[in-house]
Amino acid sequence: QVQLVESGGGLVQPGGSLRLSCAASGNIYRIYTMAWYHQAPGKQRELVATIPSGGMPNYADSVKGRFTISRDNAKNTVYLQMNSLKPEDTAVYYCKADISSYQADTLTYWGQGTQVTVSS
């Protein structure tokens with residue numbers, strides 16, 4: 001089995017920064033694309049950023065220039081550095097990863113979510 005565990009959310013003032021982490025563990029053979037999504041109250045879950053294995057990251061227009069996605073393949077971890085945070089960034093942030101396990105197909109896994117609140 002595979003688990004994704006997120007950490008790093010919290011309350012921050014507008015203009016502040018937070019760094020989210022998401023660590024994958026369990027029966028992992030290879031991790032392909034990793035991504036961050038967010039979901040604000042009453043809205044659909046939206047893509048924030050993706051980072052393929054060995055490829056270039058991509059970002060939603062709303063976070064370009066403010067957020068940076070990165071990964072540490074040795075630690076099976078993806079990060080989201082969020083700078084210049086705005087109240088509209090307030091949401092639950094979820095990580096997602098496409099992971100192949102030993103003697104199993106590649107599946108998509110989601111973390112449990114971490115709350116980010118931007119407010120003065």
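1. Strand β3 (residues 18-26) and strand β8 (residues 77-82) run antiparallel and are joined by six bridges, where strands are DSSP runs (E, at least two residues) numbered from the N terminus and two strands count as paired if DSSP finds at least two bridges between them. One of these contacts sets Arg19 opposite its bridge partner Gln81 in β8.

2. A word on the basis of this note: the model is predicted, so that local features need pLDDT of at least 70 and side-chain atom pairs count only at pLDDT 80 or more, while totals for chains, interfaces and linings use all residues. Residues are numbered from 1 along each chain as its sequence is written, and side-chain values use heavy atoms, with hydrogens and water left out.

3. The pair β3 and β8 belongs to an open sheet of four strands, which follow the order β1-β3-β8-β7 with antiparallel pairing. At its edges lie β1 (2-7) and β7 (67-72), each of which pairs on one side only. Neighbouring strands of this sheet are turned by 15° against each other on average, direction ignored, the axes being lines fitted to C-alpha atoms and the angles running from 0 to 180 degrees between N-to-C directions.

4. The structure holds one disulfide, a term that here stands for a pair of cysteine sulfur atoms within 2.5 Å. Cys22 and Cys95 form this link with their sulfur atoms 1.9 Å apart, and the link is right-handed, with 45° about the S-S bond. Distant parts of the chain are thereby connected, since Cys22 lies in strand β3 and Cys95 in strand β9 (residues 91-100), 73 residues apart.

5. Are the two cysteines buried or exposed? Cys22 is buried, with a relative accessible area of 0%, and Cys95 is buried as well, at 1%, where buried means under 20% relative accessible area, exposed over 50% and partly exposed in between (1.4 Å probe, protein chains only). Strand β9 is itself mostly covered, eight of its ten residues being buried.

6. Strand β9 has several antiparallel partners, among them strand β4 (residues 30-39), with which β9 shares eight bridges, and here Met34 stands opposite Ala97 in β9. Strand β10 (residues 106-110) pairs with β9 over five bridges, and the bridge partner of Ala97 in β10 is Tyr109. Three bridges join β9 to strand β11 (residues 114-118), where Val92 has Gln115 as its bridge partner.

7. The hairpin of β9 and β10 has five residues between the strands, and Gln103 in this hairpin takes a positive phi near 60°.
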